[in-house]
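These are my notebook entries on a single structure. I record below what I looked up, item by item.

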Amino acid sequence: MKIICVGRNYAAHIEELDNEKPKDPILFLKPDTSILLKKNPFLIPEFSNDVHYEVELLVKIKKIGKYIDRKFAHKYYDEIGLGIDFTARDLQQQLKSKGHPWEKAKAFDGAAVVGKFVSKKDYQSVDDINFSLKKNGNVVQEANSSLMLWKIDELIEYISKYFTLKIGDIIFTGTPSGVGAVLPHDILTGYIEDKEIFSIKVK
Ligand code: ZN
């Protein structure tokens with residue numbers, strides 16, 4: 001399986017990192033080795049002094065597809081999840097400034113938290129889902145999927161022009177504003193509406 005991540009999909013997050021608003025979605029991949037194993041803590045890697053959490057809504061693909069029209073994209077997923085795109089921000093800035101790919105900063109071991117999945121049928125619309133992240137009990141990120149610049153079905157259309165989507169692939173749909181650094185002993189807890197989806201300890 002593969003993880004396809006979307007960058008800069010929320011206007012307020014683009015502003016907080018002083019990035020330009022893209023014309024098309026920004027895509028990057030994480031390998032399956034980046035998934036944090038269930039019940040394991042997240043270990044801050046030794047090559048970074050500024051690892052940020054980025055909470056994101058996830059979509060799990062259930063059917064193989066290529067060149068999927070947005071009208072039919074809803075047939076390719078039943079489940080929505082929540083995860084963290086951990087980012088070594090210091091390393092990412094260095095790589096970006098040189099115009100290098102940023103995989104080392106985002107695709108390292110443990111950099112993808114994949115929480116539980118829930119049925120999309122539990123919600124009126126995937127384009128109106130509230131989600132949030134608490135750090136040590138305080139809300140640090142809070143958003144609604146309606147704020148995405150490219151909605152889930154548009155993302156599937158766009159991504160599948162470049163990458164064949166296969167069963168079990170996961171899309172990270174981008175982070176809203178409120179990203180910040182983690183420190184050892186932090187506890188990150190993610191919610192879709194009021195339902196707890198994951199809880200991660202930082203070491
Ligand atoms: Zn992200």
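Entry 1. In which strand does Thr189 lie? I worked from a predicted model, and there I found Thr189 in strand β12, which covers residues 187-192. I then asked whether Thr189 is buried or exposed. Its relative accessible area is 11%, under the 20% cut-off, so Thr189 is buried. I listed its contacts, leaving aside neighbours within four places in sequence: Ser132, Leu133, Lys134, Glu196, Phe198 and Ser199.

Entry 2. I turned to the zinc ion and looked up its protein donors. They are Glu54 (OE), Glu56 (OE) and Asp85 (OD), at 2.0 to 2.1 Å from the ion. The spacing of these donor residues in sequence reads E-x1-E-x28-D. Glu56 belongs to strand β4 (residues 55-61) and Asp85 to strand β5 (residues 77-85), so this pair ties together parts that are 29 residues apart in sequence. I noted that Glu56 and Asp85 are both buried.

Entry 3. I examined strand β1 and found it mostly covered, with five of its five residues buried. Ile3, Cys5 and Gly7 point one way, while Ile4 and Val6 point the other way. In general, side chains of a regular strand alternate between the two faces of the sheet. I recorded two partners for β1. With β10 the pairing is parallel over three bridges, and Ile3 stands opposite Ile170. With β2 the pairing is antiparallel over five bridges, and Ile4 stands opposite Leu29.

Entry 4. Lastly, I checked helix α4 (residues 152-162). Its buried residues include Ile152, Leu155, Ile156 and Tyr158. Among the elements that cover the buried residues of α4 are β1, β2, β4, β5 and β10.

Notes
Residues numbered from 1 in each chain as written. Predicted model: local features only at pLDDT ≥ 70, side-chain atom pairs only at ≥ 80, totals over all residues. Heavy atoms only, no water. Donors = N, O, S within 2.8 Å, 3.2 Å for Na, K, Ca; no water. Helix = DSSP H or I, 4+ residues; strand = E, 2+ residues; numbered from the N terminus. Buried < 20%, exposed > 50% of the residue type's maximum accessible area, 1.4 Å probe, protein only. Contact = heavy atoms within 4.5 Å. Pairing = 2+ DSSP bridges.
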